[in-house]
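Reader: Hello! I am new to reading protein models, and I would like a close look at a single part of this one. Could you take me there step by step?

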Amino acid sequence: MSKSGPSSDGKNGGDAPSRSSSAIVAKTVVGLHDLKIKGYCLTKGLGNGKFITSETFAVGGHRWYLRYYPNGWRSSDIGWVSFILFLDDNDASGVTAEYKVTLLEQHGKPVCLRT
């Protein structure tokens, strides 16, 4: 039995071309963190760009913390609340995060938000 090489049309000996596929699946971790702000109205007196830092918490094997800006992070945010998530790890290489903040009033109903 002899082996045949590629034909002029690029197929192996006239057979249909072989086909393969693969997938790259990024490792994802989903976590939840509840942050209660007691005395919310009192924090509103903190000036624009001033923040209060949450305790650290763990999600996905990393330590995180939130900064809460009761009167906005930037001057364009005055009158709005801002939250920024920070990674509290020395080795942050390859770590990315997406997060969503939902504000609830004291009875658990969502507050109107600007995104």
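Reader: Where is the place of V59?

Author: Happy to help! You will find V59 in strand 2. Before we look closer, please keep in mind that this is a predicted model, in which local features need pLDDT of at least 70 and side-chain atom pairs count only at pLDDT 80 or more, while totals for chains, interfaces and linings use all residues. Residues are numbered from 1 along each chain as its sequence is written, and side-chain values use heavy atoms, with hydrogens and water left out.

Now to V59 itself. With a relative accessibility of 22%, V59 counts as partly exposed, a class that sits between buried (under 20% relative accessible area) and exposed (over 50%), judged with a 1.4 Å probe and protein chains only. V29 is 30 residues away from V59 in sequence, yet the two C-alpha atoms are 7.6 Å apart in space.

Let us place strand 2 in the chain. There are one helix and four strands, and along the sequence they follow the pattern α-β-β-β-β. Both kinds of element are DSSP runs numbered from the N terminus: helices are H or I runs of at least four residues, and strands are E runs of at least two. Of the 115 residues of the chain, 13% count as buried.

Strand 2 (57-59) also takes us to the largest pocket: together with strand 3 (62-69) and strand 4 (82-87), each supplying at least two residues, it contributes to the lining. A pocket is found on a 1 Å grid over the protein atoms alone, as an open set of points where a 1.4 Å probe fits, with protein on both sides within 12 Å along at least five of seven lines; lining residues have an atom within 4 Å of a point. Rolling a probe the size of a water molecule over the atoms shows where empty space is left. The largest pocket has a volume of about 2100 Å³, where volume means the space filled by probe spheres set on the points, which are joined across faces, edges and corners. Its lining has 49 residues, and L66, Y99, K100, V101 and T102 lie nearest its centre. By class, that lining holds 24 nonpolar, 14 polar and eleven charged residues; Ala, Val, Leu, Ile, Met, Phe, Trp, Tyr, Cys and Pro count as nonpolar, Asp, Glu, Lys and Arg as charged, and the others, Gly among them, as polar.

From here we can visit the neighbouring topics. Y65 belongs to strand 3 and is buried, at 17% relative accessibility. Between the C-alpha atoms of Y65 and L87 there are 6.7 Å, although 22 residues separate them along the chain.

In the loop between strand 3 and strand 4 you meet D77, which is buried because its relative accessible area is 6%. D77 forms a salt bridge with R74, their closest N and O atoms being 3.4 Å apart; a salt bridge is a side-chain nitrogen of Lys or Arg within 4 Å of a carboxyl oxygen of Asp or Glu. R74 is partly exposed, at 45%, and the structure holds one salt bridge. D77 and N48 are 29 residues apart along the chain, with 7.9 Å between their C-alpha atoms.

In strand 4 sits S82, buried at 11%. A polar atom of the S82 side chain lies 3.1 Å from the backbone nitrogen of W73.

How far can you trust the picture? The mean pLDDT of the chain is 84, and 84% of its residues reach 70 or more; pLDDT is the predictor's confidence in each residue, from 0 to 100. Confidence is lowest in helix 1 (residues 40-43), at a mean of 88, and highest in strand 1 (residues 52-53), at 97.

How values were computed: A polar contact is a pair of N or O atoms within 3.5 Å; within protein, one must be able to donate a hydrogen and the other to accept it, and residues adjacent in sequence count only if both atoms are side-chain atoms.
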